[in-house]
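Hi,

Here is the structure I said I would pass on. Have a look at it first, and my notes are underneath.

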Amino acid sequence: MSVPLRPTPVDGFPTQTSHLQRETEELLSKHASGQATLNKNAHMQFLVRNLVQGFPARYTSQDASQPWLMFWTLQAFSVLQVGLDPGNRQRAIDTILTWQHPDGGFGGGPKQNAHLLPTYAAVSALAIAGRAGAGGGWDEIDRQKMYSFFMSLKQPDGSFLVSRNAEVDVRGIYCLIVTAILLDICTPELVEGTASFVASCQTYEGGFSSASQPYFAPGPDGQPILLSSPRPPLGEAHGGYTFCALASWVMLQPFVSRMPENKPSVNLKTLLRWCTNMQGVDIELGGFKGRTNKLVDGCYSWWVGGCFALLQTLGVSGPPHEPPAEGASQADDDSWDDVDDSLFNRKALQEYVLFAGQHPSGGLRDKPPKGADAYHTLYCLSGLSAAQHPMIPSPPRRDELLGAWSDEGVDDIRKALFIDSLCYAEEEGASKVVGGPSNRVNATHPIFNLTMTHAEGIMAHFYKQQIPP
Ligand code: FPP
Ligand code: ZN
């Protein structure tokens, strides 16, 4: 006998939000069962159509996001374990290079202004499709100019404008640090103060908002002095910003651990609670929402579902293991054994992606009855991957990488960034694939959202070279 799915309780004051929530639950409950098959072939055809025939006209509004369309498509292929043929691969490399700005960084299309977001997307796409050597894309990236472009955006509080004369937000910070680590241009000078800024974006809920408010105090000569703390977060905790802030925080750990004083801190306990609270209940099929009192959506499978591996990197694995209360039996104490599933229901998330996330004619989506699009196709698949393959920091992998590192001239920070970024491994025996082995997708790097092979390939190439002065 199946148990009916219970709607989220409402109070006596219905609002537009509570109506929408109820409607969504009704709709999702109709998708609560069916074939738990990942339609790999249909999704592949969706991706091939976009890449080879070109994106349909409705993507015109994304003219300034061309590197994103490329990254979403190429990385979705990688998660689906599909490689590109040499012709399409070269076409992708040549196209990506047309977006590089003559003064450094990449724009959203040819001759568009350089911006941190498309820069990340273009470099990540090159990590997938590119290679070393003339015409391969990697050596055509102007790292010197990239570094100058990054430094030109730096603010006194450690944050970065996303583009010249534009705004600051943690998405840009994530994009900048990933790019700098992949290309081996992440210097202490570049990220000085950035960890404090990132930490200041954590909200009272535990998740992160887009930015934080500069906070000034009067200085002795009447000039305002920018204080790094306290800085009120600007806006609401959101899954997209939370992933960017947390991943940035993880990448910045080698710098934070070397700070002699005033180390910034993040409240990992409230962050974990917030991430856990973003997972929908059974009637929402275990999908994730991006913010409190909003609707579940397939893309947060990655933006929030992906946060659990990052939290594990920081040593967070569950509620503090308190000693059993006096008189409590051993069985009470053992109830924490399965902490992982109690915090992140990996099975339920896979079911959301399989039942609600897949569009019947290929590609993945926010939720039914919406259409599929390139963005949701990647982030539903990446979230599915995060749910299938728990990734943990791996000491044996770290030793292996340290053993392989022979360049004596490399400084401590570069070594730490290279090794820390690559020392993840799948938790042995923990992968759980809902629907059977044919639904298995590739594991994806918890910070970069690239396969391990692609992340390691581009990093190994650049870490052998001189860092720009
Ligand atoms: C709200 O949309 C969305 C945001 C406020 C920002 C989302 C940010 C990301 C997804 C992260 C992007 C990451 C990078 C690296 C660029 P909404 O109001 O339509 O959705 P909601 O109701 O689910 O909040
Ligand atoms: Zn979405």
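Below is what I found, starting with the metal site, then the other ligand, then one helix.

Keep in mind throughout that this is a predicted model.

First, the zinc ion (ligand 2). Its donors are Asp297, which appears twice through OD atoms, along with Cys299 (SG) and His376 (NE2), at 2.1 to 2.5 Å. Along the chain the donors follow the spacing D-x1-C-x76-H. The site therefore ties together distant parts of the chain: aspartate 297 sits in the loop between helix H11 (268-277) and helix H12 (300-303), while histidine 376 belongs to helix H17 (residues 374-388), 79 residues apart.

Why is the arrangement around the zinc ion irregular? The 4 donor atoms subtend angles of 56 to 120°, and four donors count as tetrahedral only if all angles lie between 85 and 135 degrees, so the low end of that range rules it out. Remember too that water is not among the atoms, so the site may look incomplete. As for cover, aspartate 297 is buried, with a relative accessible area of 10%, and histidine 376 is buried with a relative accessible area of 10% as well.

Next, ligand 1. It is surrounded by 14 residues, and the closest are His238, Arg291, Lys294, Tyr300 and Trp303. Some of these make polar contacts with oxygen atoms of the ligand:

- Histidine 238 places a polar side-chain atom 3.0 Å from an oxygen of ligand 1.
- Lysine 294 has a side-chain N or O atom 2.7 Å from a ligand oxygen.
- Tyrosine 300 likewise has a side-chain N or O atom 2.7 Å from an oxygen of ligand 1.

On its own ligand 1 would expose 630 Å², and the protein buries 71% of that. By type, the shell splits into 9 nonpolar, 2 polar and 3 charged residues. Which helices supply at least two residues each to this shell? They are helix H7 (170-183), helix H9 (239-251) and H12. H12 is also one of the two helices flanking the loop that holds aspartate 297.

Last, have a look at helix H16 (residues 346-357). It is mostly covered, with 10 of its 12 residues buried. Among them are Arg346 and Gln350, besides residues such as Leu349, Val353 and Phe355. At the start of H16, asparagine 345 reaches with a side-chain oxygen to within 3.3 Å of the backbone nitrogen of lysine 347.

Cheers

Terms used: Residues numbered from 1 in each chain as written. Chains lettered and ligands numbered in written order. Predicted model: local features only at pLDDT ≥ 70, side-chain atom pairs only at ≥ 80, totals over all residues. Heavy atoms only, no water. Donors = N, O, S within 2.8 Å, 3.2 Å for Na, K, Ca; no water. Tetrahedral: all angles 85-135°; square planar, octahedral: opposite > 155°, others 65-115°. Helix = DSSP H or I, 4+ residues; strand = E, 2+ residues; numbered from the N terminus. Buried < 20%, exposed > 50% of the residue type's maximum accessible area, 1.4 Å probe, protein only. Near = heavy atom within 4 Å. Polar contact = N/O pair within 3.5 Å; in protein donor to acceptor, adjacent residues only side chain to side chain. Areas by Shrake-Rupley, 256 points an atom, 1.4 Å probe, with all protein chains shown as cover. Nonpolar A, V, L, I, M, F, W, Y, C, P; charged D, E, K, R; others polar.
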